[in-house]
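Visitor: I would like to be guided through this protein, with the terms explained as they come up. Could we begin by looking at the sequence and the structure together?

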Amino acid sequence: MADDRERAEILVTGVHKRINDAFQVFDHDLNKTVDVREIGAIVRSLGCFPTEAELLDIIDEVEEPNGFICFERFLPTMSKILMENKFRPIPEDTLLTAFEVLDQQKKGHLEPNELTEYMRQGDEPFTQLEMEEMLSSAVEPDSNLIYYKDFVNMMVLDGER
């Protein structure tokens, strides 16, 4: 029984450390608060990928009246999300299939403008800032192409951290 409790405490301590480390990256004033606009990046850096509606629910739960998120309010909410394995990334094979559908000529890559066009469509279109962030990590600088197999592998590895 004590071993189970110790394991649970170690797990919770590890989760809290991950959350704290991610939060600190965006806590520029070192006052245990971040701008509400940073929460999506923090949540995603922890390997969780909620929809925009789900992200807004998280924000509604933790946002202070001044438009900031306090670490003390964020920690229990994010701990619960991580402990329950909510908002996990889409499986690698599903992502590859989606890119292959977009790559109708089976070239093994997409051009940035092609991906931008696709990502601005649908129920939850990407914002300009989200597109710029994604393209900055997806586009191969030498060729100015997105080799999606490499990109999906990178996304999957980032989500496992």
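What follows is a set of questions and answers about this structure.

Guide: This is a predicted model, in which local features need pLDDT of at least 70 and side-chain atom pairs count only at pLDDT 80 or more, while totals for chains, interfaces and linings use all residues. Residues are numbered from 1 along each chain as its sequence is written, and side-chain values use heavy atoms, with hydrogens and water left out.

Visitor: Which helix gives the most residues to the largest nonpolar core?

Guide: A nonpolar core is a set of buried Ala, Val, Leu, Ile, Met, Phe, Trp, Tyr and Cys residues joined through side-chain atoms within 4.5 Å, where buried means under 20% relative accessible area, exposed over 50% and partly exposed in between, with a 1.4 Å probe and protein chains only. The largest one has 24 residues, and α1 (2-26), α2 (39-45), α3 (52-62) and α4 (71-83) each supply at least two of them; helices (H or I, at least four residues) and strands (E, at least two) are DSSP runs numbered from the N terminus. The helix that gives the most, with six residues, is α4.

Visitor: Why do the buried residues of α3 lie on the same side of this helix?

Guide: The buried residues of α3 are Leu55, Ile58, Ile59 and Val62, whereas Asp57 and Asp60, on the other side, are exposed. The arc is that of the directions from the helix axis to the C-beta atoms. The four buried residues are on the same side of α3 because they cover an arc of only 100 degrees.

Visitor: Which residues does Thr116 touch, not counting residues up to four places away in sequence?

Guide: Thr116 lies in helix α6 (residues 112-119), and its relative accessible area of 14% makes it buried. Contact means heavy atoms within 4.5 Å, and with that cut-off the residues that Thr116 touches are Met131 and Leu135.

Visitor: How many disulfides does a search of the whole structure find?

Guide: A disulfide is a covalent bond between the sulfur atoms of two cysteines, and here the term stands for a pair of cysteine sulfur atoms within 2.5 Å. The sulfur of Cys48, a residue that is buried at 0% relative accessibility, has its closest cysteine sulfur in Cys70, 20 Å away, which is too far for a bond. The number of disulfides found in the whole structure is zero.
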